[in-house]
Every structure is written in C-alpha cells, then in structure tokens.
Amino acid sequence: MWDGKEDGVACTAGVTGVDTKAPRIDDGKADPTKISSAQNQFVPVKITVKATDCSAFTCRIISVTSSDPLGITPDWIVTGDLTLSVRTQATDKKDRIYTITVECRDALGNASQETVTVTIKKGSGHDDDGSHSGSGSGS
C-alpha cells in the first residue's frame, strides 16, 4: 500500500483455517452381527467404519455393554482398535445384545461416535440358516 508521500509499504495477509468438525461417520457395521448361542465360547468380531474428515483420523472401540450381563469376567475382550471377542452365551428365553461404541477422532481432538450391535441368538445353537457358528477345536 502506498500513500504517495512515503516509501511504499508491503502488506501481506494470511488465512489459517482451523478444523473444528469431527470426522463424519457414514456407516458402522459388525461382522458377524448375529451369532448362535454356544456355552461360554468367545467369537471374534470385526468392526468396519466408513468415515470422512478433512484431516487424518483414527477410529477405535471405546466401550462395550451387554443387554444381559452374566457376571462372568471377562464378558468380552477388546483385541484391537476395531476388533473384539464376545462371549456367546444367551438364555433360552431372550437374545443377548452387545452394544459396541466406536469413536473416530482427528488429530485436533474432534470426535464423533457410532454404535453397532452384535446379537447372541437365544439358546438355539444354530444360526438362522441352520448352520452352527462359534469356535471350537476340530480334529
């Protein structure tokens, strides 16, 4: 800028943006979502999260609850950021539902959460298609 009287003065302006928005979670899924009841076995579950953000972010399991706590420890085991194993025990009268909360957080601390569920089918021992699921040792 110059006023015609003094030597010219250069001015510069900069704009710095600050990310204030949390990652947007478009979808969260558990695999498997339904598991047959099997006495005290653990079955691995993988969580898949589709999310977007304008900066780098990570997603991880932050909590797990059960609709029918058995008082057996552990009832579930978180084995990685988006993996866990759940106990495949339910009563003959009702399904048991695990609710898994996943959080996606960017480098600036902005976070969003999504819940997914895994259902342990009541006492049938077989999936809807007639197959048996769960883990076991084969010979």
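Arg105 is partly exposed, with 37% of relative accessible area, and in this predicted model its side chain meets that of Glu103 in a salt bridge, at 3.2 Å from N to O. The structure as a whole holds 6 salt bridges, while a search of the whole structure for aromatic contacts finds 1 aromatic pair. The points below take up several of these contacts together with the accessibility of the residues that form them.

**Salt bridges with a partly exposed or exposed partner**

- Glu103, the acidic partner of Arg105 in the 3.2 Å salt bridge, has a relative accessibility of 9% and counts as buried because this value falls under the 20% limit, whereas Arg105, at 37%, is partly exposed.
- Asp26 forms a salt bridge with Arg24, in which the closest N and O atoms are 2.7 Å apart.
- Within that pair, Asp26 has a relative accessibility of 45% and therefore counts as partly exposed, while Arg24, at 53%, counts as exposed because its value is over 50%.

**The salt bridge of Asp75 and Arg96, and its network**

- The side chains of Asp75 and Arg96 meet in a salt bridge with an N to O distance of 2.2 Å.
- Asp75 lies in the loop between strand 4 (57–66) and strand 5 (76–80), and Arg96 belongs to strand 7 (residues 96–106), so the pair ties together parts of the chain that are 21 residues apart in sequence.
- Both partners of this salt bridge, Asp75 and Arg96, are buried.
- The contact is also part of a wider arrangement, since Asp75, Arg87 and Arg96 are linked in a network of salt bridges.

**The aromatic pair**

- The search of the whole structure finds 1 aromatic pair, formed by Trp76 and Tyr98, with 6.2 Å from centre to centre and 85° between the planes.
- The arrangement of Trp76 and Tyr98 is edge-to-face, because an angle over 60 degrees between the planes is classed in this way.
- Trp76 sits in strand 5 and Tyr98 in strand 7, 22 residues apart, and the pair thus links distant parts of the chain.
- As for accessibility, Trp76 counts as partly exposed at 27%, whereas Tyr98 is buried, with a relative accessible area of 0%.

**Strand 7 in these contacts**

- Strand 7 (residues 96–106) contributes Arg96 to the salt bridge with Asp75, and strand 7 also holds Tyr98, the partner of Trp76 in the aromatic pair.
- Of these strand 7 residues, Arg96 is buried, and Tyr98 is buried as well.

Conventions: Residues numbered from 1 in each chain as written. Predicted model: local features only at pLDDT ≥ 70, side-chain atom pairs only at ≥ 80, totals over all residues. Heavy atoms only, no water. Salt bridge = Lys/Arg side-chain N within 4 Å of Asp/Glu carboxyl O. Buried < 20%, exposed > 50% of the residue type's maximum accessible area, 1.4 Å probe, protein only. Helix = DSSP H or I, 4+ residues; strand = E, 2+ residues; numbered from the N terminus. Phe/Tyr/Trp six-rings, centres within 6.5 Å; stacked < 30°, edge-to-face > 60°.
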